[in-house]
Structure formats: structure tokens, C-alpha cells
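Q: Please take a close look at the second largest cavity: which residues line it, and what is its volume?

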Amino acid sequence: MIRQLETFAIRLGIPIDGVARQEALIFAGIAIVVAVAAGWAMQRWIGPKLKAFLNARDASALQHLGDWAPRLIGVFTTVTLLIAARSITAFGALGTVFVALALGLALARLVYVIARIIKLNAAFAFILGMFAAIASIAGSLGSLEPLVSALDGAAVRLGSRRISILDLINAIIVIITLYAGTKFVVQLLSSRIGNARRLDLSQRVLFQKLSGIAVIAIAFFLGIELLEIDLTALAFFSGGLGIAIGFGMQKTFGNLISGLILLIDRSIKPGDVIVVDDTFGWVNKIGVRAVSIITRDGIEYLIPNEILMTEQVENWSYSSRNVRIHVPVGVSYDCDIHKAQELMLQAAKETTRVLETPPPNVWLKGYGDSSVDHDILCWISDAEEGVGNVKSAILNRLWDLFKENGIEIPFPQQDVHLKSLPEGVIFDASGRRQKS
């Protein structure tokens, strides 16, 4: 094994000095063990305290950082000590190889943790870590130039363009870096704008959407510049492609513009209680394509933004959150109407969610076939908590009050008058037919 490492070191151009191999390996092993142990100690003792400190903050981004803080501080300590150990010449050739390999692996772990902190996909984070390990090992053992030359030499030609493995690696690194950077910047701006107390909820959502679109557009054009993509080569297809995209994305862009208009004029905001056709609920989120509405049954509807722009929408909390509800009640013709109305008002006032101002009211709607019809009118300010439960609470309380005061709730009755009967048919006093 040692001879193979010596051969590997000689091929990389690392001279084999006069330091004894055993001593060099012992020194290198001690340095690696000390670096790993120091990182483990920092992760075990300092990491939990840093995690508790960050998790105590209100910002969700800091809480996410706190979950990764112990691993971050541990691996960072290990990488720092290995970088310092790399400059020690007493390790000799074999010790240098061991330290370089350990530093590459530790750096790969550090890059992976940082990528996960910015919420990059685990697979992308792993690829970035491997690239960092290869570059670190090559740089520690001499120079990156032989590695770069070898990667650039392995190439194929596609038409007039030469594509090498180095070009593919550069493209992957640029795409992943831009993706991670864009995602991090969008999250940072979204968090900053979301915590801006000078803006109302609708303005915060609007600026979050606009900043996200701006960052993505900048990243797109920056990626084209870094990858040296010649857009003039696509000029021949730009006309037809533009028309195809225009027709295909017509609804998407329409919904996007409609969503921005809804946020600008504040006609619909997150938290509003709205009714669209037969859908009643409160606005949970205004997205790029659709508005999320959650009903009292816990069902979430995604309604395209264009529908909210072109169709009739009831917004129960547009200028005021107060909503008046109607509770129909019928009482018997034989009861004390005025007493019944007093009990209706009492039932409404004793219901928890009914507002005192404006006060409840009772209207006499009309004289029905079987009852005297009334309408209890009362106001609530939290329609998102439901309307049917308020009506139920009023009717339950009114049932008890009517029972206590002898007010009758009638049921439909019909009188049947018989002008003539078939010969021989006789009914008794209870209405039963008697045998002739």
C-alpha cells in the first residue's frame, strides 16, 4: 500500500524526501486525528448552543440555519485545521497525500452542508461536494493544470462546436451555482420584505413576486453570458419559437399579469373572505398562476387569477370585515309576537361571536301559511371562522328560550274540506273511516 502511494506521489511530481516513511505517516495521522477530533468536539459542545441561539430567532431562515449549525461548525473546524496541516513539510510525500485526501473529503462535506443550508437539492449538493473534493486534492498535491488539461483534452465535436468534459463540468457548476444563488437571494429578499412592517400584506406579496422575477431574469442572462451561449444562432427559429411560446403561454402570462394587478389594486389580499361561484373561503395565497382559497371544510381550491379579474367575486372583507348574517325564524300565530321578538334578540345578543355594535335586530318578514316569519339580523367580524356555526348557536339558544316561555314553533298544516263523499262512506270524529 505504501509503495503504491509512493508511486502515485512520484507520478504527481511530489519528491520523496529523506523523512522516514513511518514517522511521516505517524505525523500525518496525528494531524488528521486531531483535526477530526477538534471538529467533533466543536459539533458536540458548541454546536447545540449555537443551534439553540439561532432557533430562538423569529426568522425561519435563521431557524433552518440552526438545524445545520452543529455540523457546519464541526466540519469547518476540521477543514481549517487540515488546511493549516497541509503546509507542514515534515509529513513527507506520503503524509502529504494522506492530508490532501483527508482535506478533500472534509471540504466536500463542508460544501455539502453549505449547499443544504441554502436548501439546495441533496443530489446537487453531493455533486458540488465531489467537485470541491477533486479540486482540493489536485491543488494540494501540486497543481490543477494537469487535471484541467486532461479534462479539456477529452472532447467531441458537434458540428462546428467542440465540447469537452471540462466544458460540461463548467456548465454543471455554473447552473448549480446560479440555481443555488438565485434560490438563496430570493429567499433572503422574501424574508426581508415579509418582515417590512411599513408595508401591508398585499404590498409585501407584490414586492416578493416582483423581486423574485427580477432575480430569476438576472440569473438567466448571467448564465447565458457565463456559458457563452450564442443566441444569434437561434435567430432563425426565434420568430416561430416566439409565436409558439406566445400561444402556449398565453394563459400563463395572463394569469401572471392578473395576479400582479390583484396585488397592486389590493382588491383581493391574503386573508380576505371571498365567494367565487359556490366556493366560500378565505384567501390563503396569491400565486403566479392561481389564488389558493381554503374553505371551512379544509378543502383548498386553486382558482386561476384571470377568473378573479373577469368574473363576479364577493369580497366580504374588502373595505370592512363586518358581515351581516340572516337567521330566519317562524313562530305560531297563537303566541305573543312581541315576546317572541324579544327572545330572538336575546338569543342573538347571548351568542359569543355576534357584535354588540352594530346591534342585532329582528324584522317581521311576513305572514306565512303556517307561521309568522321573522328574520334575525346580526353582525360578525370573523367570517373566516364560519357563518353556519353562528346561525346554529343562535337557533340552539332560541330553542331553549322558546321552551322556557311557551313560544310554539309551528310545523306546516293543511286543512282539507270535503264537499261530498261517495255513498256509504262514513268517518268518525277522529277521521277514521267506518264500515258502512
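A: A cavity here is a set of points, on a 1 Å grid over the protein atoms alone, where a 1.4 Å probe fits but cannot get out, and its lining residues are those with an atom within 4 Å of a point. This is a predicted model, in which local features need pLDDT (the predictor's confidence in each residue, from 0 to 100) of at least 70 and side-chain atom pairs count only at pLDDT 80 or more, whereas totals for chains, interfaces and linings use all residues. Residues are numbered from 1 along each chain as its sequence is written, and side-chain values use heavy atoms, with hydrogens and water left out.

The search of the whole structure finds two cavities of 30 Å³ or more, and the second largest has a volume of about 40 Å³, a volume being the space filled by probe spheres set on grid points that are joined across faces, edges and corners. Lining this second largest cavity are Lys209, Leu256, Gly259, Leu260, Leu263, Ile286, Gly287 and Val288. Helix H10, residues 250-265, supplies the largest share of that lining, with four residues; helices (H or I, at least four residues) are DSSP runs numbered from the N terminus. By class, the lining holds five nonpolar residues, two polar and one charged, where Ala, Val, Leu, Ile, Met, Phe, Trp, Tyr, Cys and Pro count as nonpolar, Asp, Glu, Lys and Arg as charged, and the others, Gly among them, as polar.

As for confidence, the mean pLDDT of the chain is 76, and 71% of its residues reach 70 or more.

Technical notes. 1 Å grid on protein atoms, 1.4 Å probe; cavity = no way out; pocket = protein on both sides within 12 Å on 5 of 7 lines; lining within 4 Å. Helix = DSSP H or I, 4+ residues; strand = E, 2+ residues; numbered from the N terminus.
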